[in-house]
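I opened this entry to look up a few surface and backbone features. My notes follow in the order I took them.

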Amino acid sequence: MMQLAGFAQFSDTVNYYANFSGTGNLNRTNTTGSTYLLNNSLTFQVSKKKFSINSMASHVYGKNPTSKTNDDLLGILNLDILKGVQKFYYWALTSYEKSFSLKLNNRFQAGAGVGYTFVNTDNANLEISDGPLFETTDLSIPGQKGQTSYQTVRNSLRLKYRFIIKEIFRFDGINFYQPSFSDGSDYILKLKANFSIKLYKWLNFTTSFNYNRQNITSTENLFMSYGLSMEKYF
């Protein structure tokens with residue numbers, strides 16, 4: 001679960017937030033065998049009034065009776081500055097990704113930019129951010145121009161949202177559109193949405209929708225999973 005988001009308003013003291021989510025699905029028949037998908041993620045956040053540091057690691061593994069379908073790893077480290085004190089804020093980000101389903105051996109991104117928060121309360125958050133990212137990529141199959149390894153600079157546009165109803169139901173998501181400055185047909189699209197129902201103060205039932213496309217190799221994946229997530233503020 002790709003979620004780099006805090007879910008409370010913080011004072012000037014240091015606050016911490018941790019979330020582990022284990023979701024997936026399984027289909028088994030006596031004629032075709034088993035098909036399964038496991039989607040695990042861990043999020044950790046350190047927040048003060050003027051800045052926050054967010055980290056996230058996720059792994060998706062899937063297999064059907066004939067072959068492996070997913071073995072996808074993503075790690076992100078994100079810094080937000082002045083988000084808690086004004087509408088406009090600054091961000092910096094580094095990420096590492098490898099994806100069997102997208103035919104991606106390695107991708108490293110690093111960049112910075114600005115963001116704007118439309119709403120930020122305990123029960124609602126809506127923000128947009130934009131900025132350049134430097135990227136180095138190693139593909140499993142040749143891209144549109146025949147290359148397997150290359151570097152580029154992308155524009156990273158992000159939309160993030162969160163809504164909580166009666167402290168029980170939560171809908172949140174994060175979406176990225178990242179076209180290359182040098183080739184508009186070389187773009188990355190990531191869409192993620194989660195719906196959670198609070199079962200206990202630290203335990204939620206969660207469903208997750210993910211769609212990813214890497215246009216340079218014409219590869220994409222889409223999956224839905226469900227399971228449990230545990231979160232803690234301290």
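**Surface patch and two loop residues**

I started with Leu-228, which I found in strand β12. The model is predicted, and I kept that in view throughout. I then looked up how covered Leu-228 is: its relative accessibility is 43%. I logged Leu-228 as partly exposed, because that value lies between the 20% limit for buried and the 50% limit for exposed.

Next I asked which residues join Leu-228 in a nonpolar patch on the surface. I listed Phe-20, Leu-42, Leu-199, Tyr-200, Trp-202, Phe-205, Tyr-226 and Met-230 beside Leu-228. Together the patch residues have about 880 Å² of accessible area. The elements that give two or more residues to the patch are β10 (187-200) and β12 (219-233). Strand β12 gives the most, with three residues.

I then turned to backbone angles. Lys-166 has a phi near 55°, a positive value in a residue other than glycine. I placed Lys-166 in the loop between β8 (149-165) and β9 (169-179). Is Lys-166 buried or exposed? Its relative accessible area is 72%, so I logged Lys-166 as exposed.

Ser-218 was my last entry. Its phi is also positive, near 55°, and Ser-218 is not a glycine either. I found Ser-218 in the loop between β11 (203-214) and β12. The relative accessibility of Ser-218 is 52%. I logged Ser-218 as exposed because exposed means over 50%.

Notes:
Residues are numbered from 1 along each chain as its sequence is written. This is a predicted model: local features need pLDDT of at least 70, side-chain atom pairs count only at pLDDT 80 or more; totals for chains, interfaces and linings use all residues. Side-chain values use heavy atoms; hydrogens and water are left out. Patches are made of residues with over 30% relative accessible area and no salt bridge: like charges are joined within 9 Å, nonpolar side chains (Val, Leu, Ile, Met, Phe, Trp, Tyr) within 5 Å. Accessible areas come from the Shrake-Rupley method with a 1.4 Å probe; for residues, only the protein chains shown count as cover. A salt bridge is a side-chain nitrogen of Lys or Arg within 4 Å of a carboxyl oxygen of Asp or Glu. Helices (H or I, at least four residues) and strands (E, at least two) are DSSP runs, numbered from the N terminus. Buried means under 20% relative accessible area, exposed over 50%, partly exposed in between (1.4 Å probe, protein chains only).
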